[in-house]
Amino acid sequence: SGNRTFTMLKPDAIENGHMGKIIDMIIQAGFSIKAMKLTRLTEEQAKKFYEVHAERPFYGELVEYMTSGPIVAAILEKDNAVADFRALIGATDPAEAAEGTIRKYYAESKGRNAVHGSDSDENAAIESKFHFADSEIF
Ligand code: CMP
């Protein structure tokens, strides 16, 4: 047991065939998968999910990219889940991501950066609810 975070394997990761390798890295790092699905965000869902970035210049591009193909959404559990998962994924910009991180191996760019990780326990709960019903969480 422990606490929880929310992740999405983004469209570039699925498109590039990295889904299995990324899931394996997540499990090997000690996270347990409490919920997981292959899905695709609607424009409305992507806009809402990234609402905090609405005023950023890359918002339109971000919404377009996140709706461009299927994603894998998942809820992960581990002690210190939010911070440990952000350490595992690495910096937003793959050029700045540390060795051994998911983004170092698999991100293409700052925008197409393979994976999402919640930035707080509060957002992890909100984002998890956004994607999963209680009956889908194990
Ligand atoms: P993430 O940090 O998971 O959530 C916000 C996302 O916005 C980020 O991943 C990137 O996918 C995207 N993003 C952040 N900065 C830029 C940028 N400068 N250009 C394009 N997309 C960006």
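1. Let's start with the pairing of strands β1 and β3: seven bridges join them, and the two run antiparallel. One pair to look up in the viewer is F6, which stands opposite I75 in β3. Please keep in mind as you browse that this is a predicted model.

2. Strand β1 has another partner as well. Three bridges join β1 to β4, again in an antiparallel arrangement. Here M8 stands opposite H116 in β4. How many of the residues of β1 are buried? Six of the seven residues in this strand, which spans residues 3-9, are buried, so β1 is mostly covered.

3. Now step back to the whole chain. The protein chain has seven helices and four strands. Along the sequence they follow the pattern β-α-α-β-α-α-β-α-α-β-α. UniProt, in an unreviewed entry, places the feature "domain: Nucleoside diphosphate kinase-like" at residues 2-138. That span is 40% helix and 19% strand, and the C-alpha atoms at its ends lie 14 Å apart.

4. What radius of gyration does the protein chain have, and does it agree or disagree with a compact globule? The chain has 14 Å, and because a compact globule with 138 residues would have a value near 14 Å, the two agree. The C-alpha atoms fill a box of roughly 40 × 35 × 25 Å along the principal axes. Of the 138 residues, 34% count as buried.

5. The contacts also say something about how the chain is put together. Among contacts between residues at least 6 apart in sequence, 71% join residues at least 24 apart. A separate pair to look at is I27 and L76: they are 49 residues apart in sequence, yet their C-alpha atoms are 9.3 Å apart in space. I27 belongs to helix α2, residues 19-28. Is I27 buried or exposed? I27 counts as exposed because it has 12 C-beta neighbours inside 10 Å, and 12 or fewer is the cut-off for that class.

6. H116 deserves a closer look. The unreviewed UniProt entry places the feature "active site" at this residue. H116 sits in strand β4. With 20 other C-beta atoms within 10 Å, H116 is buried; the class begins at 20, so this residue meets the cut-off exactly. Leaving aside neighbours within four places in sequence, H116 is in contact with T7, M8 and K10. M8 is also the residue that stands opposite H116 in the strand pairing.

7. Next come the residues that the same kind of record lists together. For "binding site", the unreviewed UniProt entry gives K10, F58, R86, T92, R103 and N113. K10 lies in the loop between β1 and α1 (11-15), and it is buried, with 27 other C-beta atoms within 10 Å. Beyond its neighbours within four places in sequence, K10 is in contact with M66, I71, N113, A114, V115 and H116.

8. N113, from that list, is found in the loop between α6 and β4. N113 is buried too, with 23 other C-beta atoms within 10 Å. Setting aside neighbours within four places in sequence, N113 is in contact with K10, T92, P94, R103 and A107. K10, T92 and R103 appear in the UniProt "binding site" list as well.

9. Which residues surround the ligand? They are H53, F58, E61, L62, T92, K110, G111, N113 and H116. By class, this shell has two nonpolar, five polar and two charged residues. F58, T92 and N113 are among the residues that UniProt lists for "binding site", and H116 is where UniProt places the "active site".

10. Finally, two backbone details are worth checking. N80 is not a glycine, yet it has a positive phi of about 60 degrees. N80 lies in the loop between β3 (71-78) and α5 (81-89), and it is exposed, with 11 other C-beta atoms within 10 Å. A114 also has a positive phi, near 70 degrees, and is likewise a residue other than glycine. A114 is in the loop between α6 (102-106) and β4 (115-117), but here the residue counts as buried, with 27 C-beta neighbours inside 10 Å.

Methods. Residues numbered from 1 in each chain as written. Predicted model: local features only at pLDDT ≥ 70, side-chain atom pairs only at ≥ 80, totals over all residues. Near = placed C-beta within 6 Å. Nonpolar A, V, L, I, M, F, W, Y, C, P; charged D, E, K, R; others polar. UniProt positions renumbered as here; feature names shortened; annotations may be inferred. Pairing = 2+ DSSP bridges. Rg over C-alpha atoms; globule rule 2.2 N^0.38 Å. Contact = placed C-beta atoms within 7 Å.
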